[in-house]
Amino acid sequence: MKGLIILIAVMGLVLVGCSQDAVNSYGKKDDSTKQQVYSNSWDGNSIIVKQRNHNGDYETVNEITDIDEVDELIRTLGNADWQENVKMDIRPPDYRFSWDSYKHDVWINKNNDRLGLSIEGHSNYGSLSADSSTIVFEIITGVKLENPRN
């Protein structure tokens with residue numbers, strides 16, 4: 001009987017210890033990549049935006065240093081419709097940029113003037129509304145996103 005009580009106590013401690021792995025240092029469970037990435041503040045380093053050229057290489061097209069633009073970019077991306085655990089097999093991204101240590105890939109959906117995004121190293125995909133796509137595109141490129149239906 002005493003052995004059974006000790007066994008149950010040890011199993012309880014193991015279970016409690018294992019469940020602590022899923023809780024971050026603030027005592028809250030990390031809900032998503034979105035929360036992990038966009039709940040941080042900007043580290044102050046320039047955001048270098050690169051565009052894929054006709055050869056498939058990436059060239060720098062913009063450098064974002066304005067704190068208001070960065071704040072709006074982060075807020076807009078944080079409000080994207082992110083889907084977790086998505087595997088994608090699509091064409092190379094049209095644009096790439098890094099925010100803090102998170103590398104973002106950006107695709108322009110020519111059919112409906114919206115941007116699609118992923119964060120390298122994470123199995124997720126985000127899509128932006130038409131209005132949010134316009135905001136993000138203008139921030140990352142410095143030019144207005146043209147609606148292909150016009």
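In the hairpin formed by strand 6 and strand 7, 4 residues lie between the strands, and G121 adopts a positive phi near 85 degrees. Strands here are DSSP runs of E with at least two residues, helices are runs of H or I with at least four, and both are numbered from the N terminus. The model is predicted, with local features requiring pLDDT of at least 70 and side-chain atom pairs counted only at pLDDT 80 or more, whereas totals for chains, interfaces and linings use all residues. Residues are numbered from 1 along each chain as its sequence is written, and side-chain values use heavy atoms, with hydrogens and water left out.

The pLDDT, the predictor's confidence in each residue on a scale from 0 to 100, averages 81 over the chain, and 76% of the residues score at least 70. Over residues 19–30 the pLDDT stays under 50, and the model has 7 contacts beyond four places in sequence for this stretch. A contact denotes heavy atoms within 4.5 Å.

The hairpin belongs to an open sheet of 7 strands in the order 2-1-4-5-6-7-3, with antiparallel pairing. Strand 2 (58–64) and strand 3 (81–84) occupy the edges with a single partner strand each, so one side of each has no neighbour in the sheet. From one strand to the next, the twist averages 25 degrees. Two strands are taken to pair if DSSP finds at least two bridges between them. Strand 7 (residues 124–127) pairs with strand 3 in the antiparallel sense over 4 bridges, and with strand 6, also in the antiparallel sense, over 2 bridges. Within strand 7, G126 is the bridge partner of W82 and also stands opposite L117, while Y125 is the bridge partner of Q83. The side chains of strand 7 alternate: N124 and G126 point to one face and are buried, whereas Y125 and S127 point to the other and are not. Buried means under 20% relative accessible area, exposed means over 50%, and partly exposed lies in between (1.4 Å probe, protein chains only).

Helix 3 (residues 67–78) lies across strand 1 (47–52), strand 2, strand 3, strand 4 (95–99), strand 5 (102–109) and strand 6 (114–119), and runs at about 105 degrees to strand 4. Axes are lines fitted to C-alpha atoms, for helices over the stretch in contact, and angles between N-to-C directions run from 0 to 180 degrees. The axes of helix 3 and helix 4 come within 10 Å and cross at roughly 145 degrees. Helix 3 contributes E69, E72, L73, T76 and L77 to this contact, and helix 4 contributes S132, I135, V136, I139 and I140.

V136, located in helix 4, has a relative accessible area of 0% and is therefore buried. Not counting residues up to four places away in sequence, V136 touches L73, T76, L77, L115 and L128. Although V136 and E72 are 64 residues apart in sequence, their C-alpha atoms are 8.3 Å apart in space.

T141 also lies in helix 4 (residues 130–141) and counts as buried because its relative accessibility is 13%. A polar atom of the T141 side chain lies 2.7 Å from the backbone oxygen of F137, and the T141 side chain reaches the backbone nitrogen of V143 at 3.1 Å. Beyond residues up to four places away in sequence, T141 touches N62 and Y95.

Note on methods: A polar contact is a pair of N or O atoms within 3.5 Å; within protein, one must be able to donate a hydrogen and the other to accept it, and residues adjacent in sequence count only if both atoms are side-chain atoms.
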